[in-house]
Amino acid sequence: MSKIFQPMATELSDTGDKTEISRSHKLMIKYGIIKPCNVGMYALLPLGMRVLNKLINLVDKEMTNLGAEKILLPALTSTSLWKKTNRYDSNKNELFTIKDRHEKEYILSPTYEEAICDLISSTGSLSTKLLPLRLYQISSKWRDEMKPRLGFLRSREFIMKDLYTFDTNLDNAQYTYDLVCESYNNIFKQIGIKYEKVIGDVGTIGGLISHEYHYISNIGEDVILQCPSCYFSINQTISKTTNCPQCKNELQRHIAAEIGHTFLLNIKYSQPLKAMYVEQNELKPVVMGCFGLGLSRIIMLTIEILSTINEIRWPVKLAPYTVCIIPPKAGSKEENSSKYIEQLSEILCKRDIDTVLDDRTHLTIGKRFVLARALGFPYIIIIGKASTRSIPSFEVHDINNSVTNELSLEQINHYFDNINFK
Ligand SMILES: [Zn+2]
């Protein structure tokens, strides 16, 4: 911990952010997870970057299972492509645009339907052997928000996973769409926070079918309507009814924050941008889907939902470190017990459990425990008084479940066998 770059704000009012802030946003700034740079723009500090990397790994695995290949498109998309799909004028107010030295205009991309179609088109035409094709990227996206607020909830730069799928016909594209929805379910189940899949608004992206993924949260900007007895859920903006169309129950209203969005696009982009495939010597536009996941939003909302007013809580799979070991204070009676650090580390290392040592031994155990709790490490092991007994034991705190056990090394070995971290 002594080596981690973690600039902390001492006062809550000291966040250095002039926009509207929420609990999660405040905690992330206070404990050095993020740092505001410009209005609606944030630096991810080392602890925050570890969280993002864990989320990226989780998403990468699911995308690989889906047969999707990872790419990286340039941040800048030529404005001329957005003019071909008529999205430039309708979105102009929220687009960051820049000109190069030759006066050619570009957009700092908020989304990549045009860019990916142009990439496909520039390769000629796709052979049916290559289809279905699934390409995704994880990168920063930009939107010049009128009113940035609530940190990563409505920031001007955000991190998104965007997947684009290409099929020969609508049936196949629908099959792909369902597969992606399944992989989204897998991702959200692993994060472990209850999520809602609702019938979504196709909005400015367009297409035939759309679903949104939400976390229920008061800081959200959407209202979703849900049937209390069947699975029917819909975004209020497209609902023309207050009752469930299936079982006629009155729909319940929840404030929610969007974390993912899926679209069955059909040929809306592939046709004007000539992303084609060849079948029996005939050129046809590929049938597309696009699928977004707001990674920076997911990180912020998990904190918003799980944390207390003063302490961050993480889903175990996203915590910056899973375990924090707190050794005795320098010069204390227990100082000699520091020798157990090695044995404890070994137990955790052989299970690939990422662990941080709070080596700031000029601080008391109590002070470091308070800090470790506030940062939300899911497990904290304290080498305290009990470590000087003939059979040494250690306090093992399961922070998310508020359970503390006093365990010997052998018991700790056993304890971590029974927890599923992968
Ligand atoms: Zn119903």
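## A tour from the zinc site to the domain interface

Begin by selecting C227, which at 7% relative accessibility falls under the 20% limit and therefore counts as buried. Bear in mind throughout that the model on screen is a predicted one.

**The zinc ion.** With C227 still highlighted, add C230, C244 and C247, and display the SG atom of each, since these four cysteines are the protein donors of the zinc ion and lie 2.1 to 2.3 Å from it. If you turn on angle labels, the 4 donor atoms give values of 101 to 122°, and the site is tetrahedral. For reference, the ideal angle for four tetrahedral donors is 109.5 degrees. Read along the chain, the donors follow the spacing C-x2-C-x13-C-x2-C. C227 sits in the loop between β12 (222–226) and β13 (233–235), while C244 sits in the loop between β13 and β14 (252–266), so this pair ties together parts that are 17 residues apart in sequence. Is C244 buried or exposed? C244 is buried, with a relative accessible area of 1%.

**Helix α1.** Next select residues 23–30, which form helix α1; 6 of these 8 residues are buried, so the helix is largely enclosed by the rest of the structure. To see which ones they are, colour S24, H25, L27, M28, I29 and K30, the buried residues of α1. What covers them? Among the covering elements are the strands β1 (34–38) and β2 (41–44), together with the helix α7 (295–306), and these can be shown as a separate selection around α1. Before leaving this region, step on to G32, which follows α1 and has a positive phi, near 70°.

**The two domains.** Now zoom out and colour the chain by its domain assignment, which gives domain 1 as 23–306 and domain 2 as 321–416. Taken over C-alpha atoms, the centres of domain 1 and domain 2 are separated by 40 Å. How many residues of each domain are in contact with the other? On the domain 1 side there are 5, and they touch 5 residues of domain 2. Between them, the two domains bury about 490 Å², with 62% of that area on carbon and sulfur atoms.

**Salt bridges.** For the last stop, stay at the interface of domain 1 and domain 2, across which 2 salt bridges are found. Then select R50 and D354 and draw the distance between their side chains, which meet in a salt bridge at 3.2 Å, N to O.

Notes: Residues numbered from 1 in each chain as written. Predicted model: local features only at pLDDT ≥ 70, side-chain atom pairs only at ≥ 80, totals over all residues. Heavy atoms only, no water. Donors = N, O, S within 2.8 Å, 3.2 Å for Na, K, Ca; no water. Tetrahedral: all angles 85-135°; square planar, octahedral: opposite > 155°, others 65-115°. Helix = DSSP H or I, 4+ residues; strand = E, 2+ residues; numbered from the N terminus. Buried < 20%, exposed > 50% of the residue type's maximum accessible area, 1.4 Å probe, protein only. Contact = heavy atoms within 4.5 Å. Domains from an automatic or database assignment. Buried area = accessible area lost by both parts, 1.4 Å probe. Salt bridge = Lys/Arg side-chain N within 4 Å of Asp/Glu carboxyl O.
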